[in-house]
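Ready for a little pen-and-paper practice with charged side chains? Have a look at the model, then work through the exercises below.

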Amino acid sequence: MKEQHNQWIKDLVIYGALFIVLLVVASILPAATLFIVALMPVPLTIFTYKYGYKRGLLMSGIVLVSTLLFAFTLFLISLPLAGLSIIVGLFVGEAMRKQKHPYETLAQGTLGYMVGFIILVFVIENLMGVSLMTEYRVIIQESLMQSEQLMQGTGIEVTAEMLDTIEQQMLIVLDLLPAILLIGSFIFALILQWLSYKLVNSIHQEANFRFPPFYRLQLPKATIWLFLVVMVIDFIDFGPDAFMTIVLMNVLLVFGLLFSIQGLSFMFYYLQYKKQSKVLGIVLFVIGLVILPVGLYVTRILGIIDIGFMLRKRLK
């Protein structure tokens, strides 16, 4: 009993120290922040998996207090990122501890990142006084001015209408911010879960965490019906700047991504069915990325057909 008590304290020190090191790296090297966002929750995820969310909360509190006492400036700078990592680490670690299905764990990780990103944006906007939207608009204006000067220098005529069209297209990103945050959360959660699975399996020989084969991924048929409902609503003209128009844009973008993933899954399923090498599937996937957005449209259509017409059952 005493040995177990000492072990969890040792692990708390080790994983807490790793968490702080990653926090320091993120603060010193802003360029590595995106990589750190996926990596930083790993120590807390493993610790929570081993000892539960209550001790995970304890580790989080000790890390934050230690940073506050010994590096106050670092604490202020890195607090939003630390908060994001704590939320995600607790969500994923507890899901692994309860032996939840990998896709359910992925959903919890995505939710954790989404909540963390929303809190991060709130802190930056309201507590730090930095308007991300204003900064993005400034970047667009500067980019357009530089592009205009470059084109004029090469003798290319640039009209105000052309610049206005380009600006409006670039500003669509602001309307699609919810979908972009969701997709980004999914990608970061996927990377975090993959890393956590690999590390836990190597540390604990009895653990056997792994994702199901990608070719077995099958979205429910209800996804098609939901998509059709959204498409019907999209025919209603709410106006270009209406709230419902923005919501529909975001929902359709997410549906498009889901169907593209389903299409890729069917492609690998077909290769598995024909006993072809997975390398061929990877090559086709890379080609699809190179010829974007055509590649996405093809996989999206294939995904819709796979779900709606149950292509896998027809192959059997």
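The exercises that follow deal with salt bridges in this predicted model.

**Exercise 1.** Find how many salt bridges there are.

*Solution.* Start with the general idea: side chains of opposite charge can pair when their charged atoms come close. The cut-off needed here is a side-chain nitrogen of Lys or Arg within 4 Å of a carboxyl oxygen of Asp or Glu. Counting by this rule gives four salt bridges.

**Exercise 2.** Work out which parts the salt bridge between Asp11 and Lys50 ties together.

*Solution.* First, check the pair: the closest N and O atoms of Asp11 and Lys50 are 2.7 Å apart, and the two form a salt bridge. Next, place each partner: Asp11 sits in helix α1 (residues 2–28) and Lys50 in helix α3 (residues 42–51), so the pair ties together parts that are 39 residues apart in sequence. Finally, look at accessibility: Asp11 is buried at 5%, while Lys50 is partly exposed at 21%.

**Exercise 3.** Decide whether Glu94 is buried or exposed, and do likewise for its partner Lys98.

*Solution.* Glu94 and Lys98 form a salt bridge, with their closest N and O atoms 4.0 Å apart. The cut-offs to apply are under 20% relative accessible area for buried and over 50% for exposed. Glu94 has 15%, so this residue is buried. Lys98 has 53%, so this one is exposed.

**Exercise 4.** Classify Arg312 and Asp306 by accessibility.

*Solution.* The two side chains meet in a salt bridge, 3.1 Å from N to O. Arg312, with a relative accessible area of 8%, is buried. Asp306, at 1%, also counts as buried.

Conventions:
Residues numbered from 1 in each chain as written. Predicted model: local features only at pLDDT ≥ 70, side-chain atom pairs only at ≥ 80, totals over all residues. Heavy atoms only, no water. Helix = DSSP H or I, 4+ residues; strand = E, 2+ residues; numbered from the N terminus. Buried < 20%, exposed > 50% of the residue type's maximum accessible area, 1.4 Å probe, protein only.
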